[in-house]
Amino acid sequence: MVHPITAGLDGSPESLAATDWAAREAQCRRAPLRLIHAWMLPPQTARTAQAPEMRKLWAQEALEHAKARVLAAYPELPVSTELLPETAVEALLAQGAASEMLVLGSHGRGAMGGFLLGSVGLRVLALSTNPVVMVRRDDGKRTGSHTGDVVVGIQDPPESAAPIEFAFASAAAHGVGVRAVRARAPAPLFAYSLPSRPPHDETRSPEPGERDRGRLAEAVELWREKYPDVPVTERVEHGHAAEVLLGAASQAGLMVVGRPINRPTVGPRLGHVAHALLHHAACPVAVVPHP
């Protein structure tokens with residue numbers, strides 16, 4: 001069964017950019033596209049908003065406009081719409097759980113050059129059990145295309161499996177390559193010196209760089225075999241993960257990063273690397289949950 005790609009709309013230009021990206025992704029993956037709009041508001045907001053009937057009518061018009069826009073570009077693409085009498089977070093999480101991925105728009109750049117992610121987007125990213133792709137508005141130049149490689153940040157196996165699989169499937173659908181990137185954090189500034197080993201000791205442990213390259217190769221090995229037509233570049237770079245991945249994302253068509261599914265006692269949250277990418281990466285960012 002082919003699961004749909006779902007785009008959440010709120011009537012903003014950013015959500016239309018996300019719809020354009022989702023439509024192209026659905027076309028490349030031969031998947032149906034589903035456009036949804038949750039028109040109910042939280043009680044504290046609904047008291048000062050438009051009447052429910054007016055909000056529902058406006059939401060239906062926004063859905064029809066988005067559907068017509070998609071079909072004008074992709075007339076053969078199966079597109080459905082659904083108006084949901086739920087609040088946004090509740091609806092997006094439920095619909096995303098039954099989808100190949102959920103695509104949302106990020107709400108522009110902040111004063112310091114970062115992206116403004118609303119509370120709805122952050123909650124969905126932290127709680128979703130399926131991949132969520134955040135797409136920013138860029139006059140349709142990048143959000144509707146996928147010309148660069150797919151970059152994926154690599155952790156240790158098996159934590160990396162879900163993000164890597166998502167990255168390879170995306171690259172295969174678009175006929176591009178995968179750049180698998182692993183960051184090697186700099187050594188502490190102050191550290192005790194360890195006694196040096198004999199230069200020809202064959203029993204010595206691998207150097208840190210060798211270990212990182214080995215772990216990177218191990219992480220992508222299975223997916224190289226599963227997607228033999230996808231070109232793969234493996235890179236271990238010295239630096240903190242956020243800065244390394246932001247640099248790699250500058251020429252990417254899609255950036256893929258993992259998010260651990262947290263235990264209830266810890267609570268849902270995003271890590272600092274995902275936060276940095278979501279606020280500053282110049283390309284769409286896919287956040288893929290993993291155990």
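Is Arg-30 buried or exposed? Arg-30 comes out at 73% relative accessibility, so it counts as exposed. That value, like everything in the views below, comes from a predicted model.

**View 1. The whole protein, before zooming in.** Here's the lay of the land: the protein has 9 helices and 10 strands. Of its 291 residues, 45% are buried. Take the contacts between residues at least 6 apart in sequence, and 81% of them join residues at least 24 apart.

**View 2. Arg-30 and its neighbour Arg-29.** Arg-30 sits in the loop between α1 (13–29) and β2 (33–38). Have a look at its backbone: phi is near 55°, a positive value in a residue other than glycine. As for the side chain of Arg-29, it lies over the face of Phe-166, at 5.4 Å from the ring centre.

**View 3. An aromatic pair, Phe-168 with Tyr-227.** The structure holds 1 aromatic pair, and this is the close-up of it. The ring centres of Phe-168 and Tyr-227 are 5.9 Å apart and the planes sit at 35°; planes under 30 degrees apart would count as stacked and over 60 as edge-to-face, so this pair is tilted. Phe-168 belongs to helix α6 (residues 161–174), while Tyr-227 is in the loop between α7 (208–226) and β8 (232–238), so the pair ties together parts that are 59 residues apart in sequence. What about exposure? Phe-168 is buried, at a relative accessible area of 0%. Tyr-227 has 18% relative accessibility, and because the cut-off for buried is under 20%, Tyr-227 counts as buried too.

**View 4. Asp-212, a buried acid in helix α7.** Asp-212 is found in α7, and with 8% relative accessibility it counts as buried. Who does it touch? Setting aside neighbours within four places in sequence, Asp-212 is in contact with Arg-182, Arg-184 and Val-236.

**View 5. Inside the second largest pocket.** This pocket has a volume of about 470 Å³. Its lining is made of 22 residues, and Gln-155, Ala-241, Val-257, Gly-258 and Val-273 are the ones nearest its centre. If you're tracing which elements contribute, β7 (178–184), α8 (241–249), β9 (254–260) and α9 (272–280) each supply at least two lining residues. The largest share, 4 residues, comes from β9. By residue type, the lining splits into 11 nonpolar, 8 polar and 3 charged.

**View 6. Helix α9, from its exposed histidine to its buried residues.** His-272 is found in α9 and is exposed, with a relative accessible area of 64%. The C-alpha atoms of His-272 and Ala-242 are separated by 7.6 Å, although the two residues are 30 apart along the chain. Now for the buried side of the story: Val-273, Ala-274, Ala-276, Leu-277 and Leu-278 of α9 are buried. What covers them includes α5 (119–127), β5 (132–135), α8, β9 and β10 (285–290). Val-273 should look familiar from the previous view, being one of the residues nearest the centre of the second largest pocket.

Notes
Residues numbered from 1 in each chain as written. Predicted model: local features only at pLDDT ≥ 70, side-chain atom pairs only at ≥ 80, totals over all residues. Heavy atoms only, no water. Phe/Tyr/Trp six-rings, centres within 6.5 Å; stacked < 30°, edge-to-face > 60°. Buried < 20%, exposed > 50% of the residue type's maximum accessible area, 1.4 Å probe, protein only. Lys NZ or Arg CZ within 6 Å of the ring centre and 35° of its normal. 1 Å grid on protein atoms, 1.4 Å probe; cavity = no way out; pocket = protein on both sides within 12 Å on 5 of 7 lines; lining within 4 Å. Points joined across faces, edges and corners; volume = space filled by probe spheres on them. Nonpolar A, V, L, I, M, F, W, Y, C, P; charged D, E, K, R; others polar. Contact = heavy atoms within 4.5 Å.
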